[in-house]
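User: Could you take a close look at one part of this structure for me? I would like to hear about the nonpolar core and how its surroundings fit together.

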Amino acid sequence: MDAIAILIFLSSGLFLGWSLGANDAANVFGTAVGSRMVKFSTAAFICSIFVIIGAVVGGAGAAAGLGELGAVNTIAGAFTAAFAAALTVFWMTKIGLPVSTTQAVVGAIIGWNQFSGSITDTDTLIKILGTWVACPILGAIFAAGLYLVVIAILDRLRLHLLRLDLYTRAGLILAGAFGSLALGANNIGNVMGVFVSSSPFTNFNIGSVSISSVQQLFLMGGIAIAIGVYTYSKRVMMTVGNSLMPLSPVAAFVVVVAHSLVLYIFSSTGLESLLANAGLPTIPLIPVSSSQAVVGGLLALDF
């Protein structure tokens, strides 16, 4: 398959990646940008770099979990499901609202399964629905716990105002980088997961490094997300940062870290292996809603 045919084949997924970047970057840096602690240009650059790294290095786990919902193993099915989800996310982004890309993709996959007569795995669907309930709850729990810890540390240190401002800005940037990494690892499954079964790429080696077809898909999806961050995310960032709930810089830091932890635990194969080896229940590796996680964190700090 030549380059032009590949781009046409993947165009709906790239559109979805762009829409996700335009919408979900707000969940990583919206509170920092909205509180005027980090410039949008800085946030967009950091988010773009780390979301690509997260997608390529850590995206396989959550993408595989989403793939269990139903086998979208034809070019037409992959294109249609991604395009339907992308239109939904783009529409919500255009009116300035955060939206769950995961919910849009899951709905699109179920719709394709109904249209094509394919089977939707009920157990996987129930598992995904469970994460929609758990995601904002975990975001709220993490945010509440982190806020108490951070406030206790600051009260003990009694930093000068200028030093506190410097540390807070640095913390927001580090939290945003971690959040972008987690967003790429967890949500690249939404962007390119439906294309994995019918990937047009083949594995190849660069010296001793092997680049799989899935990693090539995720790299393209990560780049599309990054473009969405740069070109269209500022409006939603301001909505999350200001309109939903005005935040202090410290609260902004807490919300971003809490959101990032939620995405991390639902995409980390290392954490899954650690829990399994310890004989503990594992956490399903499934793309979750970063919007739900950040809203859960926001609500926790409102009480």
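Analyst: Happy to help; what follows starts at the core and then moves outward to the rest of the chain. Please keep in mind that this is a predicted model.

Let us begin with the core itself. The largest nonpolar core contains 77 residues, and those with the most contacts inside it are Leu10, Phe29, Met192 and Phe195. Helix α1, which covers residues 3-34, is the element that gives the most to this core, contributing 12 residues. As a general background, nonpolar side chains tend to be buried together in soluble globular proteins.

Phe195 is a good place to zoom in. Setting aside its neighbours within four places in sequence, Phe195 is in contact with Phe9, Leu10, Ser12 and Gly13, and also with Ala78, Phe79, Ala82 and Leu217. One of these partners, Leu10, is itself among the residues with the most contacts inside the core.

Now for the frame around the core. The chain has 12 helices and two strands, and along the sequence they follow the pattern α-α-α-α-α-α-α-β-β-α-α-α-α-α. Among contacts between residues at least 6 apart in sequence, 85% join residues at least 24 apart. Buried residues make up 50% of the 303 residues. For a compact globule of 303 residues one would expect a radius of gyration near 19 Å, and the chain agrees because its own value is 19 Å. Along the principal axes, the C-alpha atoms fill a box of roughly 60 × 45 × 45 Å. The accessible surface comes to about 13400 Å², with 70% of it belonging to carbon and sulfur atoms.

Helix α10 is worth a visit too. Of its 17 residues, 13 are buried, so α10 is largely enclosed by the rest of the structure. Its length also checks out: at 1.5 Å a residue, the 17 residues from 249 to 265 should span 24 Å, and the end C-alpha atoms are 25 Å apart, which agrees. In the loop between α9 (234-243) and α10 sits Ser248, which is partly exposed because its relative accessible area is 36%. Ser248 and Ile110 are 138 residues apart along the chain, and their C-alpha atoms are separated by 41 Å.

Helix α6, residues 122-157, offers another buried example in Thr124. Thr124 counts as buried because its relative accessibility is 4%, under the 20% cut-off. Not counting residues up to four places away in sequence, Thr124 touches Gly65, Glu68 and Leu69. In the loop between α6 and α7 (161-192) we meet Arg158, which is exposed, with a relative accessible area of 72%. Arg158 also has a positive phi of about 50° although it is not a glycine.

Finally, the cysteines. A search of the whole structure finds zero disulfides. Cys47 is in no disulfide, and the nearest cysteine sulfur, that of Cys135, is 17 Å away. Cys135 is likewise in no disulfide, with the sulfur of Cys47 as the nearest one, at 17 Å. Cys47 is buried, with a relative accessible area of 1%, and Cys135 counts as buried at 0% relative accessibility.

Note on methods. Residues are numbered from 1 along each chain as its sequence is written. This is a predicted model: local features need pLDDT of at least 70, side-chain atom pairs count only at pLDDT 80 or more; totals for chains, interfaces and linings use all residues. Side-chain values use heavy atoms; hydrogens and water are left out. Helices (H or I, at least four residues) and strands (E, at least two) are DSSP runs, numbered from the N terminus. Buried means under 20% relative accessible area, exposed over 50%, partly exposed in between (1.4 Å probe, protein chains only). Contact means heavy atoms within 4.5 Å. The expected span of a helix is 1.5 Å times one less than its number of residues. A nonpolar core is a set of buried Ala, Val, Leu, Ile, Met, Phe, Trp, Tyr and Cys residues joined through side-chain atoms within 4.5 Å. The radius of gyration is taken over C-alpha atoms; the globule rule is 2.2 Å times the number of residues to the power 0.38. Accessible areas come from the Shrake-Rupley method with a 1.4 Å probe; for residues, only the protein chains shown count as cover. A disulfide is a pair of cysteine sulfur atoms within 2.5 Å.
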